Amino acid sequence: MGKIVIISGNPSKSSRLKGVLEFAASRLENEGFSVNQLEVVDLPAEDLLHAKFDSPAVKAANALVEQADALIIATPVYKASYTGILKVFLDLIPQKGLENKKILPMAMGGTTAHLLMLEYALKPVLSVLGATHIEQGIFILDSQVKRNENGTFEISEEVTSRLTATLTTFLNSISKKVMV
């Protein structure tokens, strides 16, 4: 069984991206993978902002990343890029901390004009951290996910179809790595 960590660079704990990540985690767990979710917003802000590499919370988060076979790195799009909170966490990952990891980038934004953020903003940073196995990312419009009053989410059929196909490809690449 492979270990997958989902890193959410979302500054809000109740955003529509959370619904998408819950869907992804459920699918991965149903396929027999061990899934840990790391919400960067839960890490102490002072530790992030002051780059406290020795912080127990940062060390624990980095240990999750180190032990993972694969990562989903998800972010909303702000100002045509990934969030600042994700950036400060990525800055605390050791220089080659993503080496030999399968990576699936995921982003949610208000317009398709932000689609290229995955290729031109997020993937270069992941590459600098040693990632060489970066899967084709998935971009989701925030209008394709509805948050219900009871805290649940409705994801459009088009998105669930694309997400299922993307996760299947991702799982196949992880399974090959774990079996080697």
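These legends go with five close-up views of a predicted model.

**View 1. The largest pocket and what lines it.** This pocket comes in at about 170 Å³, and 13 residues line it. Ser15, Arg16, Pro76, Met108 and Asp142 are the ones that lie nearest its centre. As for secondary structure, helix 1 (16-30) and strand 4 (102-109) are the elements that give two or more residues to the lining. The chemistry is mixed: five lining residues are nonpolar, five are polar and three are charged.

**View 2. Ile6 and its neighbours.** Here we're looking at a residue of strand 1 (residues 3-8). Is Ile6 buried or exposed? Its relative accessibility is just 1%, so Ile6 counts as buried, the limit being under 20%. Leaving aside residues up to four places away in sequence, Ile6 touches Leu21, Ala25 and Leu28, then Val35, Asn36, Gln37 and Leu38, and also Ile72. Ile85 is another story: 79 residues along the chain from Ile6, with 15 Å between the two C-alpha atoms.

**View 3. The largest nonpolar core, with a second one besides.** There are 31 residues in the largest core, and Ile7, Leu71, Phe89 and Leu98 have the most contacts inside it. Strand 1, helix 3 (56-67), strand 3 (70-76), helix 4 (84-92), strand 4, helix 5 (117-128) and strand 6 (138-141) each give two or more residues to this core. Which element supplies the largest share? That would be helix 5, with five residues. A separate, second core holds 27 residues, among them Ala74, Leu104, Val159 and Ile174.

**View 4. Leu98 up close.** Leu98 is one of the residues with the most contacts inside the largest nonpolar core. Skipping anything up to four places away in sequence, the residues that Leu98 touches are Val65, Leu71, Ile73, Ile93, Ile103, Leu126, Leu129, Gly130 and Ala131. Leu71, in that list, is also among the residues with the most contacts inside the core.

**View 5. The buried side of helix 4.** Which residues of helix 4 are buried? They are Leu86, Phe89, Leu90 and Leu92. These four sit on the same side of helix 4, because they cover an arc of only 155° around the axis. The helical repeat is worth keeping in mind: with 3.6 residues a turn in an α-helix, residues three or four places apart point the same way. As for what covers the buried residues of helix 4, the list includes strand 1, strand 2 (34-39), helix 2 (45-49), helix 3, strand 3 and helix 5.

Conventions
Residues are numbered from 1 along each chain as its sequence is written. This is a predicted model: local features need pLDDT of at least 70, side-chain atom pairs count only at pLDDT 80 or more; totals for chains, interfaces and linings use all residues. Side-chain values use heavy atoms; hydrogens and water are left out. On a 1 Å grid over the protein atoms alone, a cavity is a set of points where a 1.4 Å probe fits but cannot get out, and a pocket is an open set with protein on both sides within 12 Å along at least five of seven lines; lining residues have an atom within 4 Å of a point. Grid points are joined across faces, edges and corners, and a volume is the space filled by probe spheres set on the points. Ala, Val, Leu, Ile, Met, Phe, Trp, Tyr, Cys and Pro count as nonpolar, Asp, Glu, Lys and Arg as charged, and the others, Gly among them, as polar. Buried means under 20% relative accessible area, exposed over 50%, partly exposed in between (1.4 Å probe, protein chains only). Contact means heavy atoms within 4.5 Å. A nonpolar core is a set of buried Ala, Val, Leu, Ile, Met, Phe, Trp, Tyr and Cys residues joined through side-chain atoms within 4.5 Å. The arc is that of the directions from the helix axis to the C-beta atoms.
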